[in-house]
Structures are given as C-alpha cells and as structure tokens.
Amino acid sequence: MSALTEAAPVQGSWPSWFHADQQKAWESFRALPAPARTDEPWRFANLKATDLSPFHEAGSVRDAAALVSRSTGWESVSGKLIFGNDALLHAESAALPAGVLLLPLDQAARDHEDLIRAHFMTAEPRLGSRKFAALHRAKLRTGAFVFVPKGVVVEKPIEIWHWVEGANAAIFPHTLIVLEEGASATVIDRFVSSGDEPSLAIAVNDLTLGQGAKLTYSGVQEWSDKTTAFHINATEVSKDATSTALQMNLGGCYVRGESDSHLRGEGSRSVMLSINPATGTREIDQRTFQDHYAPRATSDLLYHNALSDTSRTIFAGLIKVEENAHETDAYQKVRNLMLSDEAEANSMPGLEILADNVRCTHGATSGELNEDELFYMMARGIPPQQAAQLIVRGFLGSVLERLDHAELEAHLGEVLDKKLGI
Amino acid sequence: MSTETQHDLNIDRSVGDFSYDVEYAYDAGVGLTEATIDYISDVKGDPDWVRAFRKEGYRKFLEKPMPTNWATKDLDNIVFENIRYYLAQGQQPKRSWDEVPDEVKETFERLGIPEQERKFLAGVEAQFDSEAAYSNIKAAVGEQGVIFVGSTEGLKEHPEIFKKWFGKVIPSGDNKFSALNSAVFSGGSFIYVPPGVKVKHPLQAYFRINAQNFGQFERTLIIADEGAEVMYMEGCTAPKFETATLHSAVVELVALKGAKIQYVTVQNWSSNVFNLVTKRGVAHEDAEIKWIDCNIGSRLTMKYPGVVMKGEGARGEVVSIALSGDGQHQDTGAKMIHAADNTTSNIISKSISLGTGRATYRGMVHVPKHLKGCKNNTECDALLINTNSRTDTYPAITVRGQGNAVQHEASVSQISAEQIFYMQQRGLSEGAAMSLAVNGFVNDLVQQFPMEYSVELKRLIDLEMEGSVG
C-alpha cells in the first residue's frame, strides 16, 4: 500500500475552494474502477503498466540549482517556469507583454480565482483516464498557468520545465493555457527525468482558445526509460481560432497520451501532431478525439511512429462530426515505420459522422524502410546504419513541418537529433 | 443534401413482403432450454456427438456476455425467451420440384426464384424456414463427386468429411451468437468439392424466414479440397412481421491447398430482422477465399466476414456493399488474419446511409510476428445522403515486425451538389440524378458480383430510386 493511492490529499498552499474540489476528485479516484481488459478505451493496452502501487509522492529535489541550470531549451524566451518534483524552482517573466500571466497554479488559484474556476479541468476526460485524471487533480500541488488577454500577441515562446527526481517518485505536472479573443502564443512544455530511475508522471495539459486566438503548443517528453507517464489533454477551440499541438514522446516505459480536441466554434481549427520514436520495450498508447460541434471547422491529425526493438504503439483515434456540424473538414493519419521484427503497431483510426456535407478521411499505414532510399544513400558512401537513422529522422521530422513555425521546427529538430544520436 | 428527397429514396421492400400460412410439422415452442436442444436433436436424429456439441454451444451461449461494450445497445432489445428456435416442415429435403408443396412453391415463385434460374445454376438448395424444402444438384455436379446437402444430412451421412472441420473454423465459443447457433442450428448447406474439381456454375441457396418471432440458425460448411474451385451464392428476402426476428447463421469455409472459394451474399431481410452472422474461412497454401457481401435489408446486421490465411501465399478478400435506410443499422466489415508469409488481403467496403440509416464499418487486420511479405489493403468509402444519416468507421490494425505493408484508407462524402446540378441541367429530375450518382458510387463493386446478382442488385437499387423520378 502506498500513500499515493491510500492517503487523502493535503491542502498545501491551495485555497479552500480548490481543496474542496480536490477532496471530491479524491473520492472519484477511489470510487472509479481500474481499467479492465474489456474497456474499449483500453483495447490493446498493457494494463499491468498502469499499476500505481510501486510509486510514492515525490519529495523535494536534491539540488534545485542543478536542475535549473540543466533547463536549457529555447535561447531567448519571453517567460519561463521550472518545476522540480511539483515545486516551483525558478520563474522568469520579465519579457512578457503587459497583462500576460505566467504563474504557478496555486498562486493563480489564490489571486485569480475566477479564471481558474472557469478553466481548470472543466472537461471530463473521455478517452479512458478519468481515474488517473481524478488522482492528478486530488494530488496536484502546483502547475503552470498561462493567460494571454484579449488581442495580446506573445512573440517569443514561453517555456515550462517539469522535472522528476528520485526512485519511484510520482509527480503531477499541470499546464493550463488560456488565450482570450485574438490572443496568440507559443508554449513549449518540457518533461524530463533527472536520472534514469523509474518514476510516475500523471500530467494534464488543457488548452483553451478564445475567438480568433492562435496557440502553438509543443509537449516534449524525455522521461527516463523506466517511467510510467500519462499525458491527458483537453483542447477547446472557439470560432476562427487555431490550435496547433504537438506531442513528442522521446522517453518513458509506458506512455499513455489522450488528446481531446473540442471544435466548438465555426471556422475553428485544431492541428494535432505526434512524433514517437519507440525503442527498447517502450509502449506508446495514444487515444485521440476530434470532436466537431460547429460547422466549417477543420481538424488535422498526423502521428508518426518509428518502432524498433520490442516496442509497441497503440493509436486509437476518433473523428466525430456531431449533428449540424456541416462542411466539416477532418483528417486523420497515423504512419508506422517498422524497424524490427519484434515491434508491434496497433492502429484504430475511427470515424463517427452524424452530419452530411462533410469531408472526412483517415488513413493508417504500416511499412518498413524504403530499400531504394537506403540504396541511394549507401551508393553515396553513407553506411547502412547511418542511412537508416537518417531516413527515420526524416520520417519523424516531417511532422514538425506542420507546426508552420520555422524556428520552432529547427529547435525541436535539434532535440530530436540529440535523442536519435545524429 | 435536401431532406425532401428522403422519402423518394426508401427502398421498396414490399417485393418480399408476403407470407402464407404453413402448417408446421415440428415446433419446438418458444424460448430456449436444454430440453429444447434435446427436442431438436431428437427430431433431427442427431448422432450423439452432435447432441453433445449442441449442449456445449448452449453452455457457452449462457456464459458469454452480450458484446454491448463495443456493439450497439439495440442488441438488448432481443428477447431470447420469445424466440422460436426450431421449426420445420419435414425432415427429408425434397429432391424434385414436383414434391415441393404448392404453397411453398407459390412463395418462391412470387420471389421469382426457381424456374429460370434452375436452368443455369448447378443446384438449388432453397431453405424454407429451418429445413431445406427443396434440394437439387444437377447430375453433372454429382458425378464430379461434389457433395451438396443440408447440415443435418451432412453430419449424419458424411461425418468422415465434415466432422473434421465442423466447428473448427468458428469454435462454438467464438461469440455469443456463434454459441447460440451451435446449440440450435438447423438447415444451411454442407458442400464438399473433391480435389481438382472446378464447379462451373455457382451453387445457390435461398433462405427465407416465414414465421413470426422465428429465429433462423443455418449452419454452412464448405470444403474445397486441393485445387478445387467453387462459388456459392446466398440470397435472402423475408416477409415482414410485427415483432423482431432473429437470424444468426454460422458459415465456415475451408480452402485447402490451391483451392478457391467465392461466397456471395445478397441480404434483404425485412426491417424487423436482427441479422447476427459469423462468417470465417481458412485459406491454406496458395488458396483464395473471397467474400462478396451486400447488405440491404434487416433492422440490425452485424457481420464481419473473415479470412485466416494459414498457408503461404494464401489470399483473402472482402468486397462489401451496405445500404442503410430509415431505422436500419448495417454494422459490417471484415477480419483478415495473416498467419503465414507472403499472404495478401484486400478489403473494399462501400456504404450508403439514407434518412436515419446508420452504416458502420468495423475491421480487423492482424499481422503477427516473424512474418514476411504480408500485404493488406483496406479501402472504406461512405456516402451520406441526408442530414440525419450516420456513418462510422472503426478499424483495428495490428502489425508486428517489419517486412510487411499494410494500409488503410477511409473517406466520407456526400453526393456533390455540382454532380446533381450538372445532371439536372441535362433534364434529369433530382431523384433520377441521385439514383445515377448512387449507382455510380457502388458500380465498380456491383461489377464484381456474379451476373445474376449484379442484375438483382441493380434492380434493388433501381427499386429504391424508382419513386424519385418525377
């Protein structure tokens, strides 16, 4: 038995109203059943990997300064928050335009109660992880809150770091981004393990876009290879707003991603991207939802998985076009590049269409390295191993082009290169 | 697309919508208990092992949950206690047309089945309720050593051939409805084609449901021995009744080395029928199994024909057309299990949803470890006619290892306003233009049906569009 799943949440620095909701979430967590074999949202998943019993709540980090100095990402950011084991280690926000908030979530709950009440975990998770999201809410100690008021454009990226440290430590990273009407921002969320110990991360990122807002969000996950991680997302897109969200899964042992896009307003647009180099025994289990409520909205999903060793991937995506969401344009594509005889890719691209006059397509492909491409490079003196690596890099990197942000593409490309050893 | 065309697009199901009073010589009553199964076994004179197989199926039927965790909740509307599980006129299938009772003949003639088709079809095994009312194999086919009999006769008289595969391709515990079928099956066709025999003409069976609340549970097993080839055609029309009717067939195909089996279905049950069918084939080395499946009728159809490609070089194919009108749900698809190197599978599915109709594609493609050169291609296209029509696609694809190529594509669209406008400009009514567009959408698949069926299919689509002209 572990205090993680047995002990009720403590109030810490939360205001009472927030903590009352945490108590409710705790009761939900205790009451909700664990995922079962026959649950459709957990089809193909290795349920043993969702066992939380080895983990305990993380203590303080040993050397905060060291983690801060290791948090080197984008060169010139407009704001930066660094968390270690769910405690704020560092904050800078001097370069932010007036009115923009970049705050630890507990402070935001105290100072901006209305905003947090209106936007914090308002969407019920629908893709299977309700129980884990309830635990996240109950045990949350802080998190990042980004608020961009009406019409404000944040030019340089905001960067948020979430570190985990200690054997079997459990953390609950949270990022809440709210863009008001016409606002624009780029946010990079970095998830890192300080060492190679096993750990648990149950992370939530919620993105809310007001009318005409524009958000580019990149979640870059580099957990240790022994980490169990949940990344649960809800995105709300209003009229004429555009959300572009990327998940890069570069680490972890079992990684469960749930991305739920609600296309609420006419002309809204959600671009959902993911890059997954699966190596070793890693299992990447991703469930997505493109839910079209309003007419003339667009959603575009592209997931690339490169599978080597004995890795597994699961992709289960659903495009739903609700009644009256006419002239919907929805696209969904998952590509699996099989690099090993022991790897396994599962794809479940789904469509549910309740309106006519729509254009919806989806596709799933699984294939191997292209022999012609390999030959071409080998004929030019590139050793086969390196040639294969370059093809994988090209395959994964092509997703970055969809960010439509050249500097960000270059930056994340470097992170990818480092991971792949190029 | 406009709603005013909705009524024009309703299919004319009255073609099969009639019934005659028939005196049922055997009636197992309503509901299902072990006594019902003993009754069926007694009446049919089942060998002991078949009786044991039925009881095992019954036990599994009780054990298995309803698949409502993934399937439609409409299944909960089936009241198993209110269904008649066995009903038959007589035990021996009739051999010659003259012996078929007049009122049964009349039913078939209204459907326009036998006289003309008998001339070019190798054999007709027309199922009237549970037992084959009429069975005829042309001398030529019999001389080639082809066995074409009902399930009871097959198990009783040719156990050496059929026992080996019976219940092996689809074990009785495969799902709740295959278990139910295993418990109460009667009727259906058992076919054996000897090595190297290529049956020139398609073998055909017609099924009908003709009693209120009466479930029909055919069992079909087709074995094509090495290098043999056979095409089997199955078509259904049923009279309309006021309470729901359950139809739950099990069809097993075995294609031994180099054999070819094509199984063609045109399903046009009346709109109160639950049609829950399990169909699967095993293709051995270099063998080919092709399911050609068209679903037009029923209230709810759940049917995912499958091919297990067990031998190297085996091929599997599913061609599927589904048409869902008001109140209907066609939940169809395909399963392709690759179990040997260099196996190839192809799935092409097209669905049309009209009015409040719902068409669902569910697919499974499985390529296990250490296989090389496996290929799958899946294409699903859905056409939505009205604003309240619905379509879903739920494929599941598992690929282990490299050296295989799998691709799935699906699209959903509506008939383009430009197309309709273009045709209206040339003097066609909106209804006629819609009819042409729908025919164009499925035309490439309709071409794949055998001639008799593509004619029948075109007729069905024309009937559906008939009211829309003028």
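Here a biologist quizzes a modeller about how the parts of this predicted two-chain model meet.

Biologist: What should I know about the numbering and the model first?

Modeller: Residues are numbered from 1 along each chain as its sequence is written, while chains are lettered from A and ligands numbered from 1 in the order in which they are written. This is a predicted model, and local features need pLDDT of at least 70, side-chain atom pairs count only at pLDDT 80 or more, and totals for chains, interfaces and linings use all residues.

Biologist: What makes residues of chain B and chain A count as "in contact", and how many are there?

Modeller: The test is that the C-beta atoms of two residues, placed from the backbone, lie within 7 Å. On that test, 34 residues of chain B are in contact with 34 residues of chain A. Strands S22 (390-400) and S23 (405-414) of chain B each supply at least two residues of the side that touches chain A, and S22(B) gives the most, with eleven residues. Those labels are DSSP runs numbered from the N terminus: helices are H or I with at least four residues, strands are E with at least two.

Biologist: How is the side of chain B that touches chain A split by class?

Modeller: That side has twelve nonpolar, 17 polar and five charged residues. Ala, Val, Leu, Ile, Met, Phe, Trp, Tyr, Cys and Pro count as nonpolar, Asp, Glu, Lys and Arg as charged, and the others, Gly among them, as polar.

Biologist: How do you know that strand S20 (residues 344-353) of chain A and S22(B) pair?

Modeller: Pairing asks for at least two bridges found by DSSP between two strands. S20(A) and S22(B) have seven bridges, in the antiparallel sense, so they qualify under the rule of at least two. A:Ser347 stands opposite B:Ile397 in S22(B).

Biologist: Why are helix H2 (residues 48-63) and helix H8 (residues 176-184) of chain B called roughly antiparallel?

Modeller: Their axes come within 7 Å and cross at roughly 150°. Axes are lines fitted to C-alpha atoms, for helices over the stretch in contact, and angles run from 0 to 180 degrees between N-to-C directions. Angles under 35 degrees count as roughly parallel, over 145 as roughly antiparallel, 65 to 115 as roughly perpendicular and the rest as oblique. That puts H2(B) roughly antiparallel to H8(B).

Biologist: Which residues make the contact of H2(B) with H8(B)?

Modeller: Among them are B:Phe53, B:Gly57 and B:Phe61 from H2(B), with B:Ala179, B:Leu180 and B:Ala183 from H8(B). By class, the contact divides into six nonpolar, two polar and three charged residues.

Biologist: And what about helix H1 (residues 34-44) of chain B and H2(B): why "roughly antiparallel" there?

Modeller: H1(B) and H2(B) pack at about 155°, with their axes 10 Å apart. The angle is over 145, so H1(B) and H2(B) are roughly antiparallel to each other. B:Glu34, B:Ile37 and B:Ser41 in H1(B) meet B:Val50, B:Arg51, B:Arg54, B:Lys55 and B:Tyr58 in H2(B). That contact has three nonpolar, one polar and four charged residues.

Biologist: What makes helices H9 (residues 417-425) and H10 (residues 430-446) of chain B oblique?

Modeller: H9(B) and H10(B) pack at about 125°, with axes 9 Å apart. That angle falls in none of the named ranges, so H9(B) and H10(B) are oblique to each other. The contact includes B:Ile420 and B:Met423 of H9(B) and B:Ala433 and B:Met434 of H10(B). By class it has six nonpolar, two polar and one charged residues.

Biologist: How do you know where the domains of chain B begin and end, and how do they meet?

Modeller: Domain bounds come from an automatic or database domain assignment. For chain B the assignment gives domain 1 (17-416) and domain 2 (417-470). Here 18 residues of domain 1 are in contact with 18 residues of domain 2. The side of domain 1 that touches domain 2 has 14 nonpolar, two polar and two charged residues.

Biologist: Where are the bounds in chain A, and how many residues touch?

Modeller: Chain A is divided into domain 1 (3-368) and domain 2 (372-422), with 25 Å between their centres, taken over C-alpha atoms. In chain A, 17 residues of domain 1 are in contact with 15 residues of domain 2. S15(A) brings the largest share of the domain 1 side, four residues. That side divides into twelve nonpolar, five polar and no charged residues.
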